[in-house]
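Visitor: I'd like a close look at one packing spot, with the cut-offs spelled out. Pick a pair of elements and talk me through how they meet.

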Amino acid sequence: MAALHVKYEPGRPPQVFRDARTGLGTFSVEDSPLPPSQLPLLVNPWDIVLCSSGTLIACENALVVLVIWQNPALRAPMFLLIGSLALADLLAGLGLVLHFTCAYLLRSDSAQLLTVGLVVASLSASVFSLLAITVDRYLSLYYALTYNSERTAAFTYTMLVLLWGLSLCLGLLPITGVNCLAEEASCSVVRPLTKNNVAVLSVSFLLLFGLMLQLYVQICKIVMRHAHQIALQHHFLAATPHYVTTRKGVSTLAIILGTFAACWMPFTVYSLVADYTYPPLYTYATLVPATYNSVINPVIYAFRNQEIQKALWLVCCGCVPARVAHRARTPSDV
């Protein structure tokens, strides 16, 4: 009697394979002669991890979106960009949950294309929002005197329209026919995205990362120059608290950029060199950390912000602790 084996592929429900002495025959769960009610439910544990990550991402970022939406005081360009990041990550989390549901319940190529398109669009918007936040931080330091002008608000709205428009176009590609459903050989490590599609996304990420790195280097230079000027005016020494907080601010920037690279770089590099013939385990092992970036983003960009902390305290318990209300802004808050 032939043995049955289960094969897991990213983006697809598990497939059952029959291994016989006369050769290899494959058939999917849908092709089984047994009725669906008698088929065992084969769930890839990696898909459970992705679905769990999506649930956490959605809940965490929904809180940020709710706080910014309900608080009229959080309408400055910085908060609009943080809200854009939280909304993108919220949609990414929902996309992961919906993809899991569609893969194991609907088992439809159309539903798969829709959910993959949602995940691609939302994760693209998340990365673009991170770049927009970096640009905003650079402009707030470089043009400190004119940063709060109407021109800054108009520029912020322009960035938001462009980043969401471009992300929507990227998400629509799989739905409009740029997929590998008809030609398996053109598949990338993430079905149904084509190898060329994933290559474009990966190269774009590397370019965006290089731009963010350059901007953060410039931000560090500006912060250190401002700290040096203040030190000279107040006759501070290197060991003063102001120098310590400035150094902490530079360390914070390094942590932000390092976290972003650690989450996304493994999957980016792997998707450039691999294709659909590579073991799915490698895809999951690099894709899961990429989703964790959407878990970390609210902690770095939202929950550390003093104004958002106050709004969260008001929403949760109706009061703001004195230590939060009177905390002074330091260079570590860049």
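**A helix crossing**

Guide: Helix 1 and helix 8 sit roughly perpendicular to each other (that is, at 65 to 115 degrees), because their axes cross at roughly 95 degrees. This is a predicted model, where local features need pLDDT of at least 70, side-chain atom pairs need 80 or more, and totals for chains, interfaces and linings use all residues. Numbering starts from 1 along each chain as its sequence is written, and side-chain values use heavy atoms, leaving out hydrogens and water.

Helix 1 spans residues 45-70 and helix 8 residues 306-317, and their axes come within 10 Å (lines fitted to C-alpha atoms over the stretch in contact, with angles from 0 to 180 degrees between N-to-C directions). Both helices are DSSP runs of H or I, at least four residues long, numbered from the N terminus.

So who touches whom? From helix 1 come Leu63, Val67 and Ile68, and across from them helix 8 offers Ile308, Ala311, Leu312 and Val315, with contact meaning heavy atoms within 4.5 Å. By class, this contact has 7 nonpolar residues, with no polar and no charged ones (Ala, Val, Leu and Ile are among those counted as nonpolar).

While you're looking around, check Pro192 in the loop between helix 4 (150-175) and helix 5: the peptide bond from Arg191 to Pro192 is cis, with omega near 10 degrees.

Notes
Helix = DSSP H or I, 4+ residues; strand = E, 2+ residues; numbered from the N terminus. Parallel < 35°, antiparallel > 145°, perpendicular 65-115°, else oblique.
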